[in-house]
There are 2 protein chains.
Amino acid sequence: MSLAPGLTEAFWAYERALMSNDLEALDRLFAPGGTTLRGDASGLLVGHDAISAFRGARGGAPARRIVETHVQEVDDEHALVVAVTELITGGRGQQTQLWRHDGDAWAVTAAHVSVAAPAFDRRVWRVVGDPLVPPTGSGDLAGESVAVKDLYAVAGHRVGAGIPAWLDAAPLETRHASAVAGLLGAGASLRGIARTDELAYSLAGTNAHYGTPPNPRAPHRISGGSTSGSASAVSLGHATIGLGTDTGGSIRVPAAYQGLWGLRTTHGAVATDGLLPLAPSFDTVGWLTREPELLGRVGRVLLPEDAATPGEIVTATGLLALADDDVRSAIEPLTTTAAAVEWPVEVLPSWLDAFRVVQAAEAWASHGGWLAGRLDVLGADVRARFEVAAGVTPEELAAAHAVVQTARDEIRDRLADRVLLLPSTSSVAPSVVDAAGLDAVRRSTMLLTCLAGIGGLPAVSVPVTTADRLPAGLCLVGPAGSDRALIDRAAQLAAR
Amino acid sequence: MSLAPGLTEAFWAYERALMSNDLEALDRLFAPGGTTLRGDASGLLVGHDAISAFRGARGGAPARRIVETHVQEVDDEHALVVAVTELITGGRGQQTQLWRHDGDAWAVTAAHVSVAAPAFDRRVWRVVGDPLVPPTGSGDLAGESVAVKDLYAVAGHRVGAGIPAWLDAAPLETRHASAVAGLLGAGASLRGIARTDELAYSLAGTNAHYGTPPNPRAPHRISGGSTSGSASAVSLGHATIGLGTDTGGSIRVPAAYQGLWGLRTTHGAVATDGLLPLAPSFDTVGWLTREPELLGRVGRVLLPEDAATPGEIVTATGLLALADDDVRSAIEPLTTTAAAVEWPVEVLPSWLDAFRVVQAAEAWASHGGWLAGRLDVLGADVRARFEVAAGVTPEELAAAHAVVQTARDEIRDRLADRVLLLPSTSSVAPSVVDAAGLDAVRRSTMLLTCLAGIGGLPAVSVPVTTADRLPAGLCLVGPAGSDRALIDRAAQLAAR
């Protein structure tokens, strides 16, 4: 290999440390400081500390051999080493390293690692094809491809619901869900069936069985859920339409976290036959796209004609204050022309608590029969929710129902025909390693998302970018039945 | 970005040249000479000329934007630039460039490019899942995953045969082909349905509709076919078993080109129901693996007990001489202990011609009914073969039949119970840009592969490596019905 003294030894010391996951040696062989770089398919890490934290969390690299090496000696203290790697399980990759000798030893100042891609990303997809299902008609969606959340019936396939045990027991579906059939009939094809949080009972996307789909615009952060795979498929360019559901935020949260456009439809506006329920009082069909034009085009295929016309755009400082500073700063430029209104914020915790009780009781009513006695098929987070759900008493449910009904009336009365602007989520996407904080994030985001959920109202999430260049979302909540016009209003707002 | 004079301008000049596919500017912005490097998922290119030839052939890069850049200034004349890129269609990648200032201008001496992987590689697969089809039983293949050539019936899916128009007209299969069912029953799952040359009538893998599957161990060279997708899936680590067919070499050629183990079974030894025919007199089931142990394990599942015992291992200098020098040198170390025998070589061209006439006539008999009047659904190479096939006269067929029958008797008599060593192919995998030479390569390789084809004999291809580190294959042809033992003999030979 190289003639630079010690470089060959350092290169192979690194390779051995990588294969044995010797974190201390790896830390030593990467140059200290904030400008050291390491990039792979998950994104670019900047700074020795970020790289070290990544290594500590991943549990080792796949076994590989070095097939060939090339060295470009830059000067006495720098050399570029390019290696072709081959995974023991097959497939080749490449590693490019810039090494620096700091007087003492060689260390890597920049590394770029590529490995052979797997057949497909099982965090995003369960099954995928070219296409998986061809169009059944022609129309406005010709040429578009759909990632279908694994809760919708696709003829000839099972519904997996994000749970391996559920998938194993599931029958082959004999017909498409209405929403799927609608897309196919308008000329779209199905690219595949995308991952979901278990039974859609999460907003995180951190499926315990299949992993967290990547979030390309916020590397090393969660995808958001429960429409997690569909959202990542659209972000990654694998599909143009991400079909999902929104009960308490499952479209709006991944849209905000990944910088996508998302629509939660008016409750009942799009038929839910062939769709596995979570909480039927709140469940809605929704979808995500990269551009508002396609969001609206899908709407004109799946939605009925609007039954309401959205009026004045308003916002409330109390709601904006529920988001972190970076999110609020990102959406404020789009709220400046909105009329300021009062919106009661102090009642939101009690509304959310009631929403969650009703959601839990309905989730247990939907799936408790199958889950009873086998809750251990679930990951810890969703299992904990179903355990609570199993314990909701009729009295608790009745009380929660009353609160939800009152809240629903108040939300609809207060909104009237207006369009309310609020943050889609309370924060940007949390880091994938911050699992301990996800429950708190869930609650603070649901204080915002539960308004449309309780109200049964349509909501559009518009992508915005924080000062740190992370995605976030501005949400427009409109009157029931105004879905199509609401998309147009959102697009106009964003275009300004 | 950087303060190094002119570097920022050079970086953006490169980006503009890439987006406009300005080949002259790109050539100028890459440093001249044989040590310049450029690597991406297709492999590492070494030397300015190889890089330039690659650019000239690919027709431009996908549209992208630069999301962020980082510069490490190495010294006055060198800088590393790392950029995060985002495709316009979604997904992020990374580009690492080492720039050098040669007194005159900045130029790249090494580049490493990663883009977001597509949902899956449509050159390799038509549909893929986790799994696509679960096992139906348990047994010796538990945990193995199969890439099924798109000629076999998989219940619930269509057979595509490598032709879009065929796929569009194909019915959903209601039951698995026998070979597929056998694998599933022994505990294997199906990873997916893999690409094939059109109706298996090629040895190249250069499907006109879906592209040429990658050959990871011989980058920028063809995959071999017609079991092209299954072979690449195994090479890439997407599946452990590549199920295919071998009529005139369609297992042995991709095995040799990609450094895999491959078995063509004795004609008739494994049932072909549910398998689209090419030329039934020669068609056989076959499979590819990365290791001989699994090749044999699949054999014990799909094959009957051996009906013959392979004896002495022999080789013939005349057959070895039909391969290029690099291939011959690579296999010779494995032939040194084989007894030298005479094998008639001068008759091979006439035997091959007769084989190809019978193959053509049977291919037309199998598919002429569907193809007549729509030959334009085929790519140029396979179309030309079917056009010839359509014109075979009964007299030509009868004459060819007689030659094939004589040849078959002579091959079987001469081989008796012995194992013949010969090159699997006449050459290493040709370059993907050398399409004009593929017909000549096909003929010289078929002079070798037609022996087992005409004889109806089992053949194992053992991977070897040339001096240039390219894959090639040593072929063992054994007596009919000796398949299982032949695999063992091949493994023993390779282990020495």
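Let's start in a loop of chain A: His220(A) sits between strand 9 and helix 6 of that chain. This is a predicted model, and His220(A) is a good residue to pause on, with a phi near 65 degrees, a positive value in a residue other than glycine. Most residues other than glycine have a negative phi, and most peptide bonds are trans.

The second half of that remark matters here too. Ser226(A) also belongs to the loop between strand 9 (189-194) and helix 6 (228-235) of chain A, and a cis peptide bond, with omega about 0 degrees, links Gly225(A) to Ser226(A). Another cis peptide bond joins Asp130(A) and Pro131(A), where omega is about -10 degrees. Pro131(A) is part of strand 7 of chain A.

Stay with strand 7 for a moment, as this element leads us to the partner chain. Strand 7 of chain A, residues 125-133, pairs with strand 7 of chain B in the antiparallel sense, over 3 bridges. If you would like a place to look, find Val127(A), which stands opposite Gly129(B) in strand 7 of chain B.

Now step back to view the whole contact between the two chains. Chain B contributes 59 residues and chain A contributes 59 residues. The area buried between them is about 4,300 Å², with 55% coming from carbon and sulfur atoms.

The polar side of the interface deserves a look as well. There are 6 salt bridges between chain B and chain A. In one salt bridge, Arg217(A) partners Glu86(B), with the closest N and O atoms 2.9 Å apart. Across the interface, 28 residue pairs are in polar contact, counting pairs with both residues at pLDDT 80 or more. On the side of chain B that touches chain A, the elements giving two or more residues are strand 1 (37-40), strand 2 (43-46), strand 3 (64-75), strand 4 (78-87), strand 5 (92-101), strand 6 (106-114) and strand 7 (125-133) of chain B. By class, this side of chain B holds 25 nonpolar, 20 polar and 14 charged residues.

Finally, let's return to chain A and its annotation. An unreviewed UniProt entry places the feature "domain: Amidase" at residues 139-292 of chain A. In the model, this span is 19% helix and 18% strand, and its end C-alpha atoms lie 18 Å apart.

Methods: Residues numbered from 1 in each chain as written. Chains lettered and ligands numbered in written order. Predicted model: local features only at pLDDT ≥ 70, side-chain atom pairs only at ≥ 80, totals over all residues. Heavy atoms only, no water. UniProt positions renumbered as here; feature names shortened; annotations may be inferred. Helix = DSSP H or I, 4+ residues; strand = E, 2+ residues; numbered from the N terminus. Contact = heavy atoms within 4.5 Å. Buried area = accessible area lost by both parts, 1.4 Å probe. Salt bridge = Lys/Arg side-chain N within 4 Å of Asp/Glu carboxyl O. Polar contact = N/O pair within 3.5 Å; in protein donor to acceptor, adjacent residues only side chain to side chain. Nonpolar A, V, L, I, M, F, W, Y, C, P; charged D, E, K, R; others polar. Pairing = 2+ DSSP bridges.
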